[in-house]
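Trainee: I would like a close look at a single part of this model, with its surroundings worked in as we go. Could you take me through it in one connected answer?

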Amino acid sequence: MTAGTGGQRLSVERLTVLYDAQCSLCAHLRQWLMKQRQLVPLDLVPAASEEARRRFPGLDHAGTLDEITVIGDRGQIYRGTDAWIVCLWALAEHRPRSHWLTTPTGRPFARATVLAAAKYRSLTAAPCGDGDSACTVPGPGD
């Protein structure tokens, strides 16, 4: 998968997945991703954590709590449906499916999956902070 700005194409050799550590669905998907054979290494980092802020100081960290965000090793940023597709693209068993999900036929399925996950998350996850997106994320020993 490649992405870039100004027509420039950049190869992806490593991806960082920012996930909501307070969300049971997100934590489950994190575990699932870690168990898959990865063609492109995935670093899974809690969204809005100190680690995420250290790695990506210019990123809108409050926004990363609202939707899945994946960052490529050369600065590519994928959000929402594109982020989920790029996660699948990184996995050996799911790369062919990820290519299909980018087609006009497959894209609606990818979007529906992300919307369903967002709805589930909104019904089950505790709200973050008092509108300031100040979630507490577990530390390494939690």
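Does Trp-84 count as buried or exposed? Please start there and build outwards through helix α4.

Mentor: Happy to. One thing to keep in mind is that this is a predicted model. Trp-84 counts as buried, at 16% relative accessibility, and the cut-off for that word is under 20%.

Let us place the helix before going further. The chain comes to six helices and six strands, and from the N terminus on, the elements run β-β-β-α-β-α-α-β-β-α-α-α. Of the 142 residues in the chain, 38% are buried. Helix α4 is mostly covered, with nine of its 10 residues buried. The buried residues of α4 are Gly-80, Thr-81, Ala-83, Trp-84, Ile-85, Val-86, Cys-87, Leu-88 and Trp-89. Their cover includes strands β3 (15–19), β5 (69–72) and β6 (77–79), along with helices α1, α5 (95–101) and α6 (107–124).

Now walk along α4 residue by residue. Thr-81 is located in this helix and is buried, with a relative accessible area of 6%. Beyond its neighbours within four places in sequence, Thr-81 is in contact with Arg-107, Ala-110, Arg-111 and Val-114. A general point about helices helps when you look at a pattern like this: an α-helix has 3.6 residues a turn, so residues three or four places apart point the same way.

Trp-84 brings in a ring partner. By the ring-pair rule, the count comes to two aromatic pairs. In one of them, Trp-32 and Trp-84 are tilted, 6.3 Å centre to centre with 35° between the planes. This pair links distant parts of the chain, with Trp-32 in helix α1 (residues 24–35) and Trp-84 in helix α4 (residues 80–89), 52 residues apart. Trp-32 itself is partly exposed, with a relative accessible area of 26%, whereas Trp-84 is buried. The other pair is Trp-100 with Phe-109: their ring centres are 5.4 Å apart and their planes are at 35°, so this pair is tilted too. Trp-100 counts as partly exposed, at 32% relative accessibility.

Further along α4, Cys-87 is buried, with a relative accessible area of 0%. A cysteine naturally raises the matter of disulfides, and a search of the whole structure finds zero. Cys-23 shows how that verdict arises: its sulfur is 3.0 Å from the closest cysteine sulfur, in Cys-26, which is too far for a bond, because the cut-off is 2.5 Å. Cys-23 is also buried, with a relative accessible area of 1%.

Trp-89, among the buried residues of α4, has a charged partner over its ring. Arg-95 lies over the face of Trp-89, at 4.1 Å from the ring centre.

It is also worth looking at a loop elsewhere in the chain. Leu-59 lies between α2 (50–55) and α3 (61–66) and is buried, with a relative accessible area of 12%. Leaving out residues up to four places away in sequence, Leu-59 touches Leu-18, Thr-64, Ile-71, Ile-77 and Arg-79. The C-alpha atoms of Leu-59 and Ala-48 are separated by 9.5 Å, and these two residues are 11 apart along the chain. Ala-48 is in the loop between β4 (42–46) and α2 and counts as buried, at 10% relative accessibility. Its backbone deserves a glance as well: Ala-48 has a positive phi of about 65° although it is not a glycine. For context, most residues other than glycine have a negative phi.

For the chain as a whole, 62% of the contacts between residues at least 6 apart in sequence join residues at least 24 apart. The accessible surface comes to about 8,200 Å², of which 53% belongs to carbon and sulfur atoms.

Finally, a word on confidence. The mean pLDDT of the chain is 83, and 80% of its residues reach 70 or more. Over residues 1–5 the pLDDT stays under 50, and the model has 16 contacts for them beyond four places in sequence. The pLDDT is also below 50 over residues 129–142, a stretch with 13 contacts in the model beyond near neighbours in sequence. Where pLDDT is low, the predicted coordinates should not be read in detail.

Methods
Residues are numbered from 1 along each chain as its sequence is written. This is a predicted model: local features need pLDDT of at least 70, side-chain atom pairs count only at pLDDT 80 or more; totals for chains, interfaces and linings use all residues. Side-chain values use heavy atoms; hydrogens and water are left out. Buried means under 20% relative accessible area, exposed over 50%, partly exposed in between (1.4 Å probe, protein chains only). Rings of Phe, Tyr and Trp (its six-membered ring) pair if their centres lie within 6.5 Å; planes under 30 degrees apart count as stacked, over 60 as edge-to-face and the rest as tilted. Helices (H or I, at least four residues) and strands (E, at least two) are DSSP runs, numbered from the N terminus. A charge sits over a ring if NZ of Lys or CZ of Arg is within 6 Å of the ring centre and within 35 degrees of the ring normal. pLDDT is the predictor's confidence in each residue, from 0 to 100. Contact means heavy atoms within 4.5 Å. Accessible areas come from the Shrake-Rupley method with a 1.4 Å probe; for residues, only the protein chains shown count as cover.
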